[in-house]
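Work through the exercises below with the sequence and the model open. Try each task before reading its solution.

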Amino acid sequence: HTEEEIPAVAPTCTTTGLTEGSHCERCGEILNAQDAIAALGHAEVIDAAVEPDCTNAGLTEGKHCERCDMVLVAQTEVAALGHVEMIDEAVAPDCVNTGLTEGKHCDRCDEVLVAQTEVAALGHDSITVEAKTPTCTEEGWEAHEACSRCGYNEVEKIPALGHTEVVHEAQEGT
């Protein structure tokens with residue numbers, strides 16, 4: 001016989017393999033029979049689930065084979081959750097403080113959906129306050145502007161004058 005080698009066949013995850021063998025090159029008689037090697041079976045690896053968020057889809061858990069990359073349990077898409085709208089209340093401006101328009105944000109992810117914008121302060125709504133001359137018992141003030149909206153009234157008051165004692169002299173013969 002003229003011996004010819006029969007190469008080994010490696011097993012895979014799903015197919016059996018064979019050991020090395022030999023046969024006669026001229027007549028084909030098996031000189032060293034090949035033995036079967038059992039299939040390896042899949043080496044499972046978990047594909048982690050991905051949680052969806054407000055704007056991005058997620059995935060369910062899956063499995064694949066580490067050796068052959070065959071998908072054993074396919075991951076499926078989980079729809080994005082969508083935003084949960086929350087109203088950001090408007091803040092009215094006053095004479096000296098700015099305000100804000102109404103806005104919206106997502107309660108789940110805090111993304112601003114409708115931005116609040118600043119509203120300018122109103123400024124004082126001036127009215128003229130006439131001057132008041134102080135008396136002996138009441139304070140007075142100069143003429144000035146005050147606000148009819150918020151009551152702002154910055155004025156330097158003039159203190160009451162107080163009584164001035166006047167001494168009358170007695171007249172003779174009365």
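**Exercise 1.** Which kind of interaction joins the side chains of Lys-104 and Glu-85, and at what N to O distance?

Solution. Keep in mind that this is a predicted model. Start with the charged atoms. The N to O distance is 3.4 Å, and the two side chains meet in a salt bridge. The cut-off for a salt bridge is 4 Å, so a separation of 3.4 Å qualifies. Next, place the partners. Lys-104 lies in strand β13 (residues 103-106) and Glu-85 in strand β11 (residues 85-88), so the pair ties together parts that are 19 residues apart in sequence. Finally, check the cover. Lys-104 has a relative accessible area of 25% and is partly exposed.

**Exercise 2.** How many salt bridges does a search of the whole structure find? Describe those of Glu-138 and Glu-139.

Solution. The search finds four. Take Glu-138 to begin with. Its partner is Lys-132, with the closest N and O atoms 3.1 Å apart. Glu-138 is partly exposed at 42% relative accessibility. Lys-132 is also partly exposed, at 28%.

Now take Glu-139. This residue pairs with Lys-157, and the closest N and O atoms are 3.3 Å apart. Glu-139 sits in the loop between β16 (126-129) and β17 (140-141), while Lys-157 sits in strand β19 (residues 157-158), so the bridge ties together parts that are 18 residues apart in sequence. The relative accessible area of Glu-139 is 34%, which makes this residue partly exposed.

**Exercise 3.** Where is Thr-137 found? Then list its contacts beyond the sequence neighbours.

Solution. Thr-137 belongs to the loop between β16 and β17. Its relative accessibility is 61%, so it counts as exposed. Leave aside neighbours within four places in sequence. Thr-137 then touches Ala-160 and His-163. For a long-range check, take Ile-37. The two residues are 100 apart in sequence, and their C-alpha atoms are 119 Å apart in space.

**Exercise 4.** Is Asp-47 buried or exposed? Find its nearest side chain of opposite charge.

Solution. Locate the residue: Asp-47 is in strand β6 (residues 44-47). Asp-47 is buried. Now look for a partner. The nearest side chain of opposite charge is Lys-63, at 9.9 Å, and Asp-47 has no salt bridge. Contacts are a separate test, with heavy atoms within 4.5 Å. Beyond four places in sequence, Asp-47 is in contact with residues including Thr-60, Glu-61, Lys-63 and Gln-75. Lys-63 thus appears among the contacts of Asp-47, although no salt bridge forms.

**Exercise 5.** Which residues gather in a patch of negative charge on the surface?

Solution. The patch consists of Glu-3, Glu-4, Glu-5, Glu-20 and Glu-25. Look at one member. Glu-5 lies in strand β1 (residues 3-6). With a relative accessible area of 51%, Glu-5 is exposed. The cut-off for exposed is over 50%.

**Exercise 6.** In which strand is the place of Leu-100? Add its cover and its contacts.

Solution. Leu-100 is in strand β12 (residues 99-100). At 31% relative accessibility, Leu-100 is partly exposed. Again skip neighbours within four places in sequence. The contacts of Leu-100 are Ala-90, Val-91, Gln-116, Thr-117, Glu-118 and Val-119. Compare Gly-151: this residue is 51 residues from Leu-100 in sequence and 23 Å away, C-alpha to C-alpha.

Conventions. Residues are numbered from 1 along each chain as its sequence is written. This is a predicted model: local features need pLDDT of at least 70, side-chain atom pairs count only at pLDDT 80 or more; totals for chains, interfaces and linings use all residues. Side-chain values use heavy atoms; hydrogens and water are left out. Patches are made of residues with over 30% relative accessible area and no salt bridge: like charges are joined within 9 Å, nonpolar side chains (Val, Leu, Ile, Met, Phe, Trp, Tyr) within 5 Å. Accessible areas come from the Shrake-Rupley method with a 1.4 Å probe; for residues, only the protein chains shown count as cover. Lys and Arg count as positive and Asp and Glu as negative; His and the chain ends are not counted. The place of a charge is taken as NZ of Lys, CZ of Arg, CG of Asp or CD of Glu. Helices (H or I, at least four residues) and strands (E, at least two) are DSSP runs, numbered from the N terminus. Buried means under 20% relative accessible area, exposed over 50%, partly exposed in between (1.4 Å probe, protein chains only).
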